[in-house]
Amino acid sequence: MRKTLLAAALLTGAMATPAMAQDDDNRGGFHVGAIVGYDTVQGDVDGSDGVAYGVTAGYDFQLGTNFYVGPEVELSSSSVDECEAGVVRAGDVLCLEAGRDIYVGARFGTRVGPNRDVFLYAGGGYTNAEFRATYDANLPGTTDDFDLTDEADGFRLKAGVEWDFLRNAFVRAEYRYSNYEGDIDRHQAVAGVGLRF
């Protein structure tokens, strides 16, 4: 009887082990992170380069064995602040400054590698950015000068890769293209680090 119980216990444990391993290998769920990287804005002022930085969060739902899809949000800002002289007349100065950027979208991807620790993904969604434009005509008594801060709606497309260097921690490399109303284009190449819960 004792041998029968022992055999049953061992068999139950052997059957449960693969299921537990499979559950433990689920890399979906909630994730948060921070990003920093290169940012360039093309608008009325060409070649406006700076540094983008921010925080991101999302949730990955597992579909099948290696595929995931889920929502993602990001709040970021930028050091882009570029000026160009002689835009309309000699001596004038036009400046473009990028402010905060809110992104709401989704991503989908697949896990690859022998340990499924590399996540390849693409995504897209809505983005709303703040821009400040200033113009100094450098003429006494002129009414052409302005200082305007406005929000611009747009869309973002992106692709990236994550690598799990720890069970619940990852590093990220990502390229993003954003297009805003007012003929403003934005290209970003960022790196990040995050945690998965």
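**Loop residues, the disulfide, the nonpolar core and aromatic contacts**

In this predicted model, Asn138 lies in the loop that runs between strand E6 (118-136) and strand E7 (146-166). The phi angle of Asn138 is near 60°, a positive value in a residue other than glycine. A second residue with this feature is Asp183, for which phi is likewise near 60° and the residue type is again not glycine. Asp183 is found in the loop between strand E8 (169-180) and strand E9 (184-196), and with a relative accessible area of 71% the residue is exposed.

The structure holds one disulfide, which joins Cys83 to Cys95 with an S to S distance of 1.9 Å. The torsion about the S-S bond of Cys83 and Cys95 is about 105°, and the disulfide is therefore right-handed. Because Cys83 lies in strand E4 (residues 81-85) and Cys95 in strand E5 (residues 93-112), the pair ties together parts that are twelve residues apart in sequence. The two cysteines fall into separate accessibility classes, since Cys83, at 43% relative accessibility, counts as partly exposed, whereas Cys95, at 14%, counts as buried because the cut-off for burial is a value under 20%.

The largest nonpolar core has nine residues, namely Val41, Val80, Leu96, Ala98, Ala129, Phe131, Ala152, Tyr180 and Ile184. Strands E5 and E6 each supply at least two residues of this core. The surroundings of one core member, Val80, were examined with residues up to four places away in sequence left out of the count; on that basis Val80 touches Asp39, Val41, Ser48, Asp49, Gly50, Leu96, Glu97 and Ala98. Among these contacts, Val41, Leu96 and Ala98 are themselves listed as members of the core.

A search of the whole structure finds eight aromatic pairs. Phe131 and Tyr180 form one such pair, with an edge-to-face arrangement in which the ring centres are 5.4 Å apart and the planes make an angle of 75°. This pair links distant parts of the chain, given that Phe131 belongs to strand E6 and Tyr180 to strand E8, 49 residues apart. Both Phe131 and Tyr180 are buried, and both residues also appear in the nine-residue core described above.

An edge-to-face arrangement is also found for Phe155 and Tyr177, with 6.3 Å centre to centre and 70° between the planes. Here, too, the pair links distant parts of the chain, with Phe155 in strand E7 and Tyr177 in strand E8, 22 residues apart. In contrast to the buried residues Phe131 and Tyr180, Phe155 counts as partly exposed at 38% relative accessibility, and Tyr177 is assigned to the partly exposed class at 22%. The value of 22% places Tyr177 outside the buried class, because burial requires a relative accessible area under 20%.

Further aromatic residues are grouped together, in that Tyr68, Phe119 and Tyr121 form one aromatic cluster. Two arginines are placed over rings of this cluster. The charged end of Arg107 sits over the ring of Tyr121, at 4.7 Å from the ring centre, while Arg111 lies over the face of Tyr68, at 5.8 Å from the centre of that ring.

Conventions: Residues are numbered from 1 along each chain as its sequence is written. This is a predicted model: local features need pLDDT of at least 70, side-chain atom pairs count only at pLDDT 80 or more; totals for chains, interfaces and linings use all residues. Side-chain values use heavy atoms; hydrogens and water are left out. Helices (H or I, at least four residues) and strands (E, at least two) are DSSP runs, numbered from the N terminus. Buried means under 20% relative accessible area, exposed over 50%, partly exposed in between (1.4 Å probe, protein chains only). A disulfide is a pair of cysteine sulfur atoms within 2.5 Å. A nonpolar core is a set of buried Ala, Val, Leu, Ile, Met, Phe, Trp, Tyr and Cys residues joined through side-chain atoms within 4.5 Å. Contact means heavy atoms within 4.5 Å. Rings of Phe, Tyr and Trp (its six-membered ring) pair if their centres lie within 6.5 Å; planes under 30 degrees apart count as stacked, over 60 as edge-to-face and the rest as tilted. A charge sits over a ring if NZ of Lys or CZ of Arg is within 6 Å of the ring centre and within 35 degrees of the ring normal.
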